[in-house]
Amino acid sequence: MPVVSIEKVGEHDGKEVTIRGWLYNQRESGKLLFPIFRDGTGIIQGVVSQKENPEAFAQMQGMTQESSVMVTGTVRADQRAPGGYELHVTQAVIVQKIPESEPYPIQLKEHGVDFLLDNRHLWMRSPRQASILRIRAEAIRAAREYMDGQGYILTDSPIFTPAACEGTTTLFEVSYIDDQKAYLTQSGQLYVEATAAALGKVYCFGPTFRAEKSKTRRHLTEFWMLEPEAAYAHLEDMMVLGEGLVSHVVQSVVKNRARELETLKRDVKKLETVKPPFPRIQYDEAIKILQKSGKEVKWGDDFGGDEETVLSSQFDRPVMVHRYPTAIKAFYMEPDPKRPELALGFDMLASEGYGEIIGGGERMSSYENLVKRIREQGLPEEAFQWYLDLRRYGSVPHAGFGLGLERTVAWICGTEHIREVIPFPRMIYRMYP
Ligand code: 4AD
Ligand code: MG
């Protein structure tokens with residue numbers, strides 16, 4: 001029999017096929033069994049009749065949840081069945097039966113989140129978690145497709161680095177060979193600035209690390225970031241690239257992962273509006289909006305989750321806030337020549353209260369100003385010599401940004417917390433499994 005995946009079973013209506021997977025659940029009703037199989041691509045309900053297939057019935061009767069099975073049967077379209085098809089089982093091979101004395105730990109009922117996270121390696125088998133991971137994969141695929149299509153060249157950044165990129169308070173120090181110290185990268189930006197001067201338009205896409213003490217639903221200590229960087233580019237170019245990238249990712253998921261979004265009961269209408277142009281507001285204006293809505297903020301404050309939620313709730317698509325005060329932004333940001341107290345940077349805030357998904361802007365291109373900044377911030381000048389070389393030799397205006405993958409996917413999926421959208425989340429108090 002041809003082995004087929006459950007997601008493709010509709011192409012075999014009326015034919016006999018084999019499915020290899022696991023028993024998700026089973027209801028027994030006298031001489032009939034109603035197993036539900038899963039294979040990672042979806043779930044399908046089966047029917048096993050004792051009268052018609054006594055051998056298969058004997059194999060499947062009393063079979064335990066998550067036991068691995070290979071079943072053969074005829075595919076029948078059935079409107080009432082989840083997924084629209086049923087499998088009339090003629091043959092069943094049990095690969096491994098989970099003994100009743102030691103059942104699968106995750107039952108089909110509500111469990112506490114700590115228990116589920118302790119069992120993340122099993123929890124991901126649930127239709128909801130598997131759907132989220134499939135959406136994550138589509139988001140990555142679409143993001144790369146977009147960047148490649150825009151002529152950006154993938155250049156990977158190192159994970160071991162000699163210095164901080166995003167502030168020294170969130171650095172993970174690791175002991176390197178022979179008493180040397182290294183840090184896990186917080187961002188590949190400084191390195192893509194170098195590759196941008198070599199190749200023009202580049203991006204990196206990999207894991208980044210922050211020793212974040214914040215225990216919020218938006219923070220991981222290990223997360224993935226896509227970071228474009230382009231020579232001869234300015235703030236406005238990056239806002240255009242950012243909205244193009246985000247809308248392509250969202251619309252690709254809507255188009256190619258409709259079934260998964262349905263499993264998550266995601267309101268797709270809220271995603272369909274995510275198309276350029278995204279609104280752009282200046283920091284000054286954002287402060288006014290926040291004050292009007294009763295938030296106690298003053299010019300010069302950075303925004304926390306609450307402020308971001310208020311701002312993003314004003315729009316039906318992500319909003320880009322640009323020109324924050326230089327004082328609250330990273331050392332490498334280029335000041336606005338017209339108002340040097342403002343940085344030529346922007347954040348993109350996702351809708352529905354998911355907060356900042358992109359941070360970026362124009363980089364400081366003057367050697368003198370950059371050295372000054374490095375000294376002011378007490379950063380190790382030695383470790384930045386190579387970075388300063390990019391300003392010594394053929395410096396050009398350039399800009400880029402970082403898109404946080406997990407925050408973006410959490411928003412697309414509508415999950416409560418970003419820990420659900422990475423296979424094995426790393427958080428302040430969680431390293432297991
Ligand atoms: O705003 P951030 O810190 O910007 C940078 O790292 C720049 N060097 C990027 C660049 O210009 N190339 O981080 C960028 C994005 C945030 O907008 C957010 O989506 C995500 O990375 N992010 C996190 N995601 C999960 N957990 C955390 N602890 C995160 N910190 C940042
Ligand atoms: Mg940021």
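Domain bounds in this predicted model come from an automatic or database domain assignment.

**Figure 1. Division of the predicted model into two domains.** Domain 1 covers residues 6–96, and domain 2 covers residues 121–421. The C-alpha centres of domain 1 and domain 2 are 45 Å apart. Their contact draws 9 residues from domain 1 and 4 residues from domain 2.

**Figure 2. The area buried between domain 1 and domain 2.** About 540 Å² is buried between domain 1 and domain 2. Carbon and sulfur atoms give 43% of that area.

**Figure 3. Salt bridges and polar contacts between domain 1 and domain 2.** There are 3 salt bridges between domain 1 and domain 2. The side of domain 1 that touches domain 2 is made up of 3 nonpolar, 3 polar and 3 charged residues. Between domain 1 and domain 2, 4 residue pairs are in polar contact, with both residues at pLDDT 80 or more.

**Figure 4. Close-up of Arg-259 and Glu-7.** The side chains of Arg-259 and Glu-7 form a salt bridge, with an N to O distance of 3.7 Å.

**Figure 5. Surroundings of Cys-204.** The whole structure was searched for disulfides, and 0 were found. For Cys-204, the nearest cysteine sulfur belongs to Cys-165 and lies 9.8 Å away. A disulfide requires two cysteine sulfur atoms within 2.5 Å, so a pair at the distance shown is not counted as one. Cys-204 has a relative accessible area of 4% and is therefore classed as buried.

**Figure 6. Burial of Cys-413.** Cys-413 is buried, because its relative accessible area is 2% and the cut-off for buried is under 20%.

Methods
Residues are numbered from 1 along each chain as its sequence is written. Chains are lettered from A and ligands numbered from 1 in the order in which they are written. This is a predicted model: local features need pLDDT of at least 70, side-chain atom pairs count only at pLDDT 80 or more; totals for chains, interfaces and linings use all residues. Side-chain values use heavy atoms; hydrogens and water are left out. Buried means under 20% relative accessible area, exposed over 50%, partly exposed in between (1.4 Å probe, protein chains only). Contact means heavy atoms within 4.5 Å. Buried area is the accessible area (1.4 Å probe) that two parts lose on being put together, summed over both. A salt bridge is a side-chain nitrogen of Lys or Arg within 4 Å of a carboxyl oxygen of Asp or Glu. A polar contact is a pair of N or O atoms within 3.5 Å; within protein, one must be able to donate a hydrogen and the other to accept it, and residues adjacent in sequence count only if both atoms are side-chain atoms. Ala, Val, Leu, Ile, Met, Phe, Trp, Tyr, Cys and Pro count as nonpolar, Asp, Glu, Lys and Arg as charged, and the others, Gly among them, as polar.
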